Amino acid sequence: MAALFRGYRNFYKRSSKHVELTLVSCRSMASKTPVGFIGLGNMGTPMARNLLKHGYPVIATDVFPESCKEFQDSGAQILDCPAEVADKADRIITMLPSSPNVIEVYTGPNGILKKIKKGTLLIDSSTIDPAVSKEMAVAAEKMGAVFMDAPVSGGVGAASLAKLTFMVGGVEEEFNAAQELLTCMGANVVYCGQVGSGQAAKICNNMLLAIGMIGTAETMNLGIRLGLDPKLLAKILNMSSGRCWSSDKYNPVPGVMEGVPSANNYQGGFGTKLMAKDLGFAQNTATSTRTPIPLGSLAHQIYRTMCARGYSNKDFSSVFQFLREEGV
């Protein structure tokens, strides 16, 4: 009888464990429902690939067919327009170049809101005007959906390695749902407050990044003109008080670092025209809040001049090349 009881108890334990594992498995599978992704550019493509790596089926679209074809080869389903993505997925991430692109993708004739389902979670990782984020949130709410802004920092390298930092604004109760997806693409996911606050944090970050990159480029250019080896100078800066992200992780001088845009004729990375755009947001918000940003304003002027001189599509670290040419 004792042996029979022990056998029954062991069977019960095994059965309970099997049920528990089955429930965990079901919850896991349930969480892996399709995710929509719109915007397969330099940043969007590696971000979406990381969702695939984490087991999420991805339904995507982009205005450039070549980007779609490349991503389709990675295992994603490609559809023709944002509205079709919204019809198939109730969690959608957008990664777009500018405010007009976001407005078109969400509210245009073939936009997300044309076929959106109630309860859909919308996460916009574009860097845009905070006012546009608030406008999209209101439009989404009218359709029974939730919009959150979640711009990123870290660049293409961090996007590829899933080490981005996300700055999230929106309804706090929805943050956990957004975080589930964003942690597949980033190392840091920070809740900043109401809709638009993520954009505010990103604008401040990018203004400092622009100022830091110009300072690094000026310093490296001066050191080279003084006869210093650029690799030696970078080494000294990065073990001294002048060290910053632009000198240590993204050096603008060709030949100093591998795997950064300056090593590839300033191709890829974060375009000069995008930096000029973000500095424009900083300038506008500084004006509206009567906040002095003398270095931010000068950085905006420099990057706008670079765009006029043919640097629009080069990485923003090409400010080093621009300064070299100015001094010839």
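**Salt bridges, a helix pair and a buried threonine**

I will begin with one pair of side chains, in which glutamate 70 forms a salt bridge with arginine 49, the closest N and O atoms being 3.2 Å apart. This pair links distant parts of the chain, since glutamate 70 sits in helix 3 (residues 65–72) and arginine 49 in helix 2 (residues 44–53), with the two positions 21 residues apart. Before going on, I should say that this is a predicted model, and that everything I describe was computed from it.

Let me stay with the two partners for a moment. Glutamate 70 has a relative accessibility of 43% and therefore counts as partly exposed, and arginine 49, with a relative accessible area of 27%, is partly exposed too.

How many salt bridges does the count come to? It comes to 6, and I will take up two others here. Aspartate 73 and lysine 69 meet through their side chains in a salt bridge, at 3.1 Å from N to O. Aspartate 73 counts as exposed because its relative accessibility is 57%, where the cut-off for exposed is over 50%, whereas lysine 69, at 47%, is partly exposed.

The other one joins arginine 309 to glutamate 326, whose side chains meet in a salt bridge at 2.7 Å, N to O. Arginine 309 lies in the loop between helix 13 and helix 14 (319–326), and glutamate 326 lies in helix 14, so this pair ties together parts that are 17 residues apart in sequence. Of these two residues, arginine 309 is exposed, with a relative accessible area of 51%, and glutamate 326 is partly exposed, with 45%.

Helix 13 brings me to a packed pair of helices. Two packed helices are described by the angle between their axes and by the distance between those axes. For helix 12 (residues 272–288) and helix 13 (residues 294–308), the angle is about 145 degrees and the axes are 9 Å apart, and the crossing is left-handed. If you would like to find the contact in the structure, look on helix 12 for residues including Thr272, Met275, Leu279 and Gln283, and on helix 13 for residues including Gly296, His300, Tyr303 and Cys307. The residues of this contact divide into 7 nonpolar, 6 polar and 2 charged; Lys273 in helix 12 and Arg304 in helix 13 are among the residues that meet there.

Now to a single residue, threonine 216, which has its place in helix 9 (residues 197–225). Is threonine 216 buried or exposed? Its relative accessibility is 6%, so threonine 216 counts as buried, the cut-off for buried being under 20%. Which residues is threonine 216 in contact with, once its neighbours within four places in sequence are left aside? They are Cys244, Ser246, Ser247 and Pro252.

Let me close with the chain as a whole. There are 14 helices and 9 strands in it, and along its principal axes the C-alpha trace spans about 95 × 50 × 40 Å. Of the 328 residues, 45% count as buried, and among contacts between residues at least 6 apart in sequence, 63% join residues at least 24 apart.

As for confidence, the mean pLDDT of the chain is 91, and 90% of its residues reach 70 or more. Over residues 1–30, however, pLDDT stays under 50, and for that stretch the model has 0 contacts beyond four places in sequence.

Definitions and conventions
Residues are numbered from 1 along each chain as its sequence is written. This is a predicted model: local features need pLDDT of at least 70, side-chain atom pairs count only at pLDDT 80 or more; totals for chains, interfaces and linings use all residues. Side-chain values use heavy atoms; hydrogens and water are left out. pLDDT is the predictor's confidence in each residue, from 0 to 100. Contact means heavy atoms within 4.5 Å. Helices (H or I, at least four residues) and strands (E, at least two) are DSSP runs, numbered from the N terminus. Buried means under 20% relative accessible area, exposed over 50%, partly exposed in between (1.4 Å probe, protein chains only). Axes are lines fitted to C-alpha atoms, for helices over the stretch in contact, and angles run from 0 to 180 degrees between N-to-C directions. A crossing is left-handed if the near helix is turned anticlockwise from the far one by less than a right angle, and right-handed if clockwise. Ala, Val, Leu, Ile, Met, Phe, Trp, Tyr, Cys and Pro count as nonpolar, Asp, Glu, Lys and Arg as charged, and the others, Gly among them, as polar. A salt bridge is a side-chain nitrogen of Lys or Arg within 4 Å of a carboxyl oxygen of Asp or Glu.
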